[in-house]
Amino acid sequence: MLEAFLSRGIVIAGVYYCTHKPEDNCSCRKPKPGMILAALHDLKRQGLVVDVESSYCIGDSLRDIELGKNIGLHTVLLYSGKEKPANKAQWNITPDRMYPGLLQAALSITEK
(Lines give C-alpha, C1' and ligand atoms only; values in the text may rest on other atoms or scores of the structure.)
Protein backbone atom coordinates (compact mmCIF):
# COMPACT_ATOMS: atom_id res chain seq x y z
CA MET A 1 0.00 0.00 0.00
CA LEU A 2 2.75 2.45 0.95
CA GLU A 3 4.59 1.75 -2.31
CA ALA A 4 1.42 2.40 -4.32
CA PHE A 5 1.01 5.80 -2.65
CA LEU A 6 4.72 6.62 -3.04
CA SER A 7 4.59 5.81 -6.76
CA ARG A 8 2.03 8.62 -7.01
CA GLY A 9 4.17 11.05 -5.01
CA ILE A 10 2.28 10.63 -1.75
CA VAL A 11 4.40 10.05 1.33
CA ILE A 12 2.71 8.34 4.28
CA ALA A 13 4.54 9.20 7.51
CA GLY A 14 3.27 6.16 9.39
CA VAL A 15 0.67 3.43 9.60
CA TYR A 16 -0.94 2.63 12.94
CA TYR A 17 -3.46 -0.01 13.91
CA CYS A 18 -4.84 -1.64 17.03
CA THR A 19 -4.67 -5.40 17.36
CA HIS A 20 -6.57 -5.55 20.64
CA LYS A 21 -10.04 -6.94 21.19
CA PRO A 22 -12.79 -4.69 22.62
CA GLU A 23 -12.63 -6.50 25.96
CA ASP A 24 -8.90 -5.68 26.28
CA ASN A 25 -9.88 -2.08 27.07
CA CYS A 26 -6.62 -0.74 25.63
CA SER A 27 -5.90 2.96 25.12
CA CYS A 28 -5.34 2.58 21.35
CA ARG A 29 -8.72 1.14 20.37
CA LYS A 30 -11.10 3.70 18.91
CA PRO A 31 -12.65 5.90 20.18
CA LYS A 32 -9.82 6.24 22.71
CA PRO A 33 -7.04 8.54 21.44
CA GLY A 34 -3.98 6.39 22.21
CA MET A 35 -3.15 5.54 18.61
CA ILE A 36 -3.32 9.15 17.43
CA LEU A 37 -1.34 10.34 20.44
CA ALA A 38 1.36 7.78 19.60
CA ALA A 39 1.44 8.95 15.99
CA LEU A 40 1.71 12.61 17.04
CA HIS A 41 4.57 11.71 19.38
CA ASP A 42 6.40 9.74 16.67
CA LEU A 43 5.97 12.55 14.15
CA LYS A 44 7.26 15.11 16.62
CA ARG A 45 10.37 12.97 17.18
CA GLN A 46 10.87 13.04 13.41
CA GLY A 47 10.70 16.85 13.47
CA LEU A 48 7.15 16.98 12.06
CA VAL A 49 4.69 18.90 14.19
CA VAL A 50 1.01 18.43 13.43
CA ASP A 51 -1.39 21.31 13.97
CA VAL A 52 -4.18 19.32 15.59
CA GLU A 53 -6.63 22.24 15.54
CA SER A 54 -6.53 22.35 11.75
CA SER A 55 -6.37 18.58 11.19
CA TYR A 56 -9.15 16.16 10.28
CA CYS A 57 -10.27 12.72 11.37
CA ILE A 58 -12.03 11.05 8.45
CA GLY A 59 -13.88 7.80 8.98
CA ASP A 60 -16.90 5.72 8.12
CA SER A 61 -18.19 5.05 11.63
CA LEU A 62 -19.39 7.10 14.58
CA ARG A 63 -16.48 5.64 16.59
CA ASP A 64 -14.15 7.41 14.15
CA ILE A 65 -16.03 10.66 14.72
CA GLU A 66 -15.92 10.20 18.49
CA LEU A 67 -12.16 9.58 18.27
CA GLY A 68 -11.68 12.80 16.33
CA LYS A 69 -13.78 14.79 18.79
CA ASN A 70 -11.88 13.25 21.74
CA ILE A 71 -8.62 14.69 20.46
CA GLY A 72 -9.91 18.01 19.07
CA LEU A 73 -9.82 17.23 15.36
CA HIS A 74 -12.33 18.34 12.75
CA THR A 75 -14.43 15.31 11.87
CA VAL A 76 -15.69 14.00 8.55
CA LEU A 77 -18.03 11.05 8.23
CA LEU A 78 -17.97 9.08 5.01
CA TYR A 79 -21.47 7.76 4.72
CA SER A 80 -20.42 5.20 2.19
CA GLY A 81 -19.61 3.09 5.22
CA LYS A 82 -21.63 1.88 8.17
CA GLU A 83 -23.47 5.09 8.99
CA LYS A 84 -26.12 6.64 6.76
CA PRO A 85 -27.50 10.22 6.96
CA ALA A 86 -31.03 8.79 7.17
CA ASN A 87 -30.15 7.46 10.64
CA LYS A 88 -28.82 10.82 11.88
CA ALA A 89 -31.58 11.25 14.47
CA GLN A 90 -30.31 8.14 16.27
CA TRP A 91 -26.65 9.24 16.44
CA ASN A 92 -25.16 10.22 19.80
CA ILE A 93 -22.50 12.39 18.12
CA THR A 94 -22.51 14.61 15.07
CA PRO A 95 -19.64 14.93 12.56
CA ASP A 96 -18.54 18.38 11.43
CA ARG A 97 -18.98 17.34 7.79
CA MET A 98 -20.40 14.38 5.85
CA TYR A 99 -19.66 13.16 2.34
CA PRO A 100 -20.53 10.07 0.30
CA GLY A 101 -16.87 9.18 -0.26
CA LEU A 102 -13.25 10.03 0.39
CA LEU A 103 -12.75 11.94 -2.86
CA GLN A 104 -15.55 14.41 -2.04
CA ALA A 105 -14.19 14.84 1.49
CA ALA A 106 -10.63 15.44 0.29
CA LEU A 107 -11.75 17.96 -2.33
CA SER A 108 -13.79 19.86 0.25
CA ILE A 109 -10.99 19.96 2.80
CA THR A 110 -8.41 21.14 0.29
CA GLU A 111 -10.59 23.91 -1.21
CA LYS A 112 -9.49 27.36 -0.17
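Which residues does Ser61 touch, not counting residues up to four places away in sequence? In this predicted model, the contacts of Ser61 outside that sequence window are Leu77, Lys82 and Glu83. Ser61 itself is found in the loop that connects strand 1 (56–59) with helix 3 (62–71). Because its relative accessibility is 8%, below the 20% limit, Ser61 is classed as buried.

A second loop, between helix 1 (2–6) and helix 2 (34–45), contains Ile12. Tyr16 is likewise placed in the loop between helix 1 and helix 2. Ile12 has a relative accessibility of 34% and therefore counts as partly exposed. For Tyr16, the relative accessibility is 34%, so this residue also counts as partly exposed; the partly exposed class lies between the limits of 20% and 50%.

Ile12 contributes to a nonpolar surface patch of about 690 Å². Met1, Leu2, Phe5, Ile10, Val15 and Tyr17 complete the set of residues that make this patch.

The contacts of Tyr16 were examined next. When residues up to four places away in sequence are not counted, Tyr16 touches Met35, Ala38, Ala39 and Asp42. With Asp42, the side chain of Tyr16 forms a polar contact of 2.7 Å. Lys32 is separated from Tyr16 by 16 residues in sequence, and the C-alpha to C-alpha distance between Tyr16 and Lys32 is 14 Å.

Methods: Residues numbered from 1 in each chain as written. Predicted model: local features only at pLDDT ≥ 70, side-chain atom pairs only at ≥ 80, totals over all residues. Heavy atoms only, no water. Patch = residues over 30% accessible without salt bridge, like charges linked within 9 Å, V, L, I, M, F, W, Y side chains within 5 Å. Areas by Shrake-Rupley, 256 points an atom, 1.4 Å probe, with all protein chains shown as cover. Salt bridge = Lys/Arg side-chain N within 4 Å of Asp/Glu carboxyl O. Helix = DSSP H or I, 4+ residues; strand = E, 2+ residues; numbered from the N terminus. Buried < 20%, exposed > 50% of the residue type's maximum accessible area, 1.4 Å probe, protein only. Contact = heavy atoms within 4.5 Å. Polar contact = N/O pair within 3.5 Å; in protein donor to acceptor, adjacent residues only side chain to side chain.
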